[in-house]
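Biologist: I'd like to learn how to read sheets, helices and salt bridges in a model like this one. Could you walk me through it?

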Amino acid sequence: MAEKLDKLGRNDSWEGVKAVVAGFGVSGFAAADNLTHLGAAVIALDESPGDEERQEKAKLLGILGADVRLGEGATHVLPDDVDVVVTSPGWRPTAPLLAQARERGIPIWGEVELAWRLRDPDNAAPWLAVTGTNGKTTTVQMLDNILRTAGLRSVAVGNVGLPIVEAVMDPEPYDVFAVELSSFQLHYTSSMAAEAAVVLNIAEDHLDWYPSMEEYAADKGRVYEGVERACVYNVADEATMHLVEEADVVEGARAIGFTLGTPAVGQVGVVEDILVDRAFIEERQTSAAELCQISDLASSAPHYVQNALAAAALARAHGVSQAAVRDGLKSFRPDGHRIEVVAESGGVTWVDDSKATNPHAAQASLQAYDPVIWIAGGLAKGARFEDLVASIHDRLRAVILIGQDRDVIASALAAHAGDLEIVELDDPDGEAALAEAVEIAAALAKPGDTVLLAPGCASQDQFRDYKARGDAFADAVRRQI
């Protein structure tokens with residue numbers, strides 16, 4: 001059956017294939033729906049019965065012939081005679097269903113792997129892939145905006161936007177895909193080969209899922225396998241360069257670095273506040289081509305500029321003109337809760353970076369401001385904060401800690417910034433805790449200060465998600481000022 005599966009695509013009948021879809025979220029539904037339409041016998045399983053919308057989707061697939069089982073115990077036992085398991089991202093390899101599949105020698109694909117296998121064999125749109133610990137969504141959306149500005153039919157897919165299976169199976173073909181990939185998605189991807197790909201950075205994250213940083217980084221590095229044109233890496237992050245060096249790519253694929261400094265030949269970088277290309281022009285040995293000015297971007301924060309350089313490099317690898325890169329970057333505005341200025345009052349700037357859900361992201365945010373009153377805390381997911389505090393403590397005037405793992409940050413502050421004023425709030429109610437944090441910050445802030453919500457932690461201990469946390473912060477700020 002494994003050989004048969006490898007030969008099946010979008011134009012083949014999948015009749016006779018029994019597929020289990022593990023997880024019935026957005027990507028799980030997309031996988032189950034398309035496999036059902038292709039003729040496979042589909043069993044979709046999820047421990048959660050979900051909301052009314054999920055129940056409606058389950059009924060729809062049931063009418064189409066799929067077997068959807070939702071609720072406690074649904075995923076404990078893998079059904080008999082299964083040919084392939086398509087898992088949703090985030091399912092640990094140790095999950096009973098997946099462990100049973102491995103024991104039986106059954107292939108385990110992610111939705112991304114399924115999508116790659118379902119590309120149009122005659123007119124497959126190339127993939128420009130983005131991964132990294134932080135900055136993925138902003139970079140992919142920047143890239144998509146550049147591609148659209150260039151007149152291409154592009155869409156942001158994968159870990160953001162449309163499920164990639166839906167995009168690949170769209171009857172109206174796309175010219176190119178801007179693909180955001182998490183480490184979880186890459187873990188279950190084996191045959192994907194992007195036209196160009198980038199690992200933006202590697203830092204501690206998801207150590208509650210991965211046994212080690214090495215295994216986490218290795219999954220990120222899968223994005224470079226089989227790359228056709230360009231492996232884009234972060235000059236300031238040697239780990240990303242090492243992943244490029246270890247990748248098995250198509251002969252002729254180039255390693256392209258991005259840097260906030262003056263670029264060497266084969267890199268994109270910054271010269272006197274101008275983003276420049278010294279990688280994709282014929283005269284790169286002696287000159288560089290202007291892409292845009294930092295002032296053209298929505299933010300001058302260093303990590304935002306890095307994201308712009310990475311997006312530009314991928315677009316240039318695809319053949320997009322300098323003008324389209326410039327216009328695409330100039331017109332792009334990031335989603336909310338990403339270094340978003342909420343208010344300016346009395347000389348104090350209030351910034352919502354609730355999307356900074358790990359120490360590396362918080363560090364990048366903190367490096368954009370000085371001096372800072374920092375609001376942080378939440379679910380640390382096994383991460384440590386010593387390196388973060390050691391690198392930015394001289395920018396801090398005070399720290400206000402909330403959330404379940406605030407003691408982890410407090411411990412790092414005590415070790416590396418013991419003279420700082422640190423306030424710990426133990427209210428389990430997230431909105432109340434943030435309201436109190438804002439009130440305290442307002443009392444401490446002086447003209448010229450930035451009050452920055454960059455939690456360095458996930459939000460689910462007190463909020464539905466990082467957006468709800470950011471909204472609560474913004475609401476509290478508006479009431480305060």
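Biologist: Let's start with the sheet that holds strand 15: how many strands form it, and in which order?

Modeller: Keep in mind that this is a predicted model. To read a sheet, follow the pairing from one strand to the next. Here 6 strands make an open sheet with mixed pairing, and the order is 15-16-20-17-18-19. Strand 15 (340-345) and strand 19 (421-424) are the edges; each has a single partner strand, so one side of each has no neighbour in the sheet. From one strand to the next, the twist averages 15°.

Biologist: In which sense do strand 15 and strand 16 pair?

Modeller: They're antiparallel, with 5 bridges between strand 15 and strand 16 (residues 348-352). To pick out one of the pairs, look at Glu-344, whose bridge partner in strand 16 is Thr-349.

Biologist: And which strands do the helices packing on this sheet touch?

Modeller: Helix 13 (residues 359-366) touches strand 17 (372-376), strand 18 (396-401) and strand 20 (450-453), and its direction makes about 160° with that of strand 17. Helix 16 (residues 430-444) touches strands 16, 17, 18, 19 and 20, with about 160° between its direction and that of strand 18.

Biologist: What about the sheet with strand 7 and strand 14: what is its strand order?

Modeller: Read it the same way. That open sheet has 9 strands in the order 7-8-6-9-10-11-12-13-14, again with mixed pairing. Strand 7 (154-158) and strand 14 stand at the edges, so each is left with one side lacking a neighbour in the sheet. Neighbouring strands are turned by 20° against each other on average, direction ignored. Inside the sheet, strand 10 (residues 230-234) and strand 11 (residues 254-258) run parallel and are joined by 5 bridges; Asn-234 has Phe-258 as its bridge partner in strand 11. Helix 10 (residues 238-246) lies across strand 9 (196-199), strand 10 and strand 11, at about 155° to strand 10.

Biologist: Now helices. What span should helix 11 have, and what does the model give?

Modeller: Compare the expected rise with the end-to-end distance. At 1.5 Å a residue, the 16 residues of helix 11 (residues 302-317) should span 22 Å, and the end C-alpha atoms are 23 Å apart, which agrees. As for burial, 15 of the 16 residues of helix 11 are buried. After the helix comes Gly-319, with a positive phi near 100°.

Biologist: Which residues of helix 12 are buried?

Modeller: In helix 12 (residues 322-331) they are Ala-324, Val-325, Gly-328 and Leu-329. Their arc around the axis is only 125°, so they sit on the same side of helix 12. These buried residues pack against helix 6 (136-149), strand 13 (274-278), strand 14 (289-293) and helix 11.

Biologist: Last topic: how many salt bridges are there?

Modeller: The structure holds 18. For any one of them, check the distance, the location and the burial. Asp-277 pairs with Arg-316, the closest N and O atoms being 2.8 Å apart. Asp-277 is in strand 13 and Arg-316 in helix 11, so the pair ties together parts 39 residues apart in sequence. Both Asp-277 and Arg-316 are buried.

Biologist: Where do Asp-475 and Arg-478 lie?

Modeller: Both are in helix 17 (residues 466-480), 3 residues apart, about one turn of the helix. Their closest N and O atoms are 3.6 Å apart. Asp-475 counts as partly exposed at 39% relative accessibility, while Arg-478 is exposed at 52%.

Definitions and conventions. Residues numbered from 1 in each chain as written. Predicted model: local features only at pLDDT ≥ 70, side-chain atom pairs only at ≥ 80, totals over all residues. Heavy atoms only, no water. Pairing = 2+ DSSP bridges. Helix = DSSP H or I, 4+ residues; strand = E, 2+ residues; numbered from the N terminus. Axes fitted to C-alpha atoms, helices over the stretch in contact; angles between N-to-C directions. Contact = heavy atoms within 4.5 Å. Expected span 1.5 Å × (residues − 1). Buried < 20%, exposed > 50% of the residue type's maximum accessible area, 1.4 Å probe, protein only. Arc of directions from axis to C-beta. Salt bridge = Lys/Arg side-chain N within 4 Å of Asp/Glu carboxyl O.
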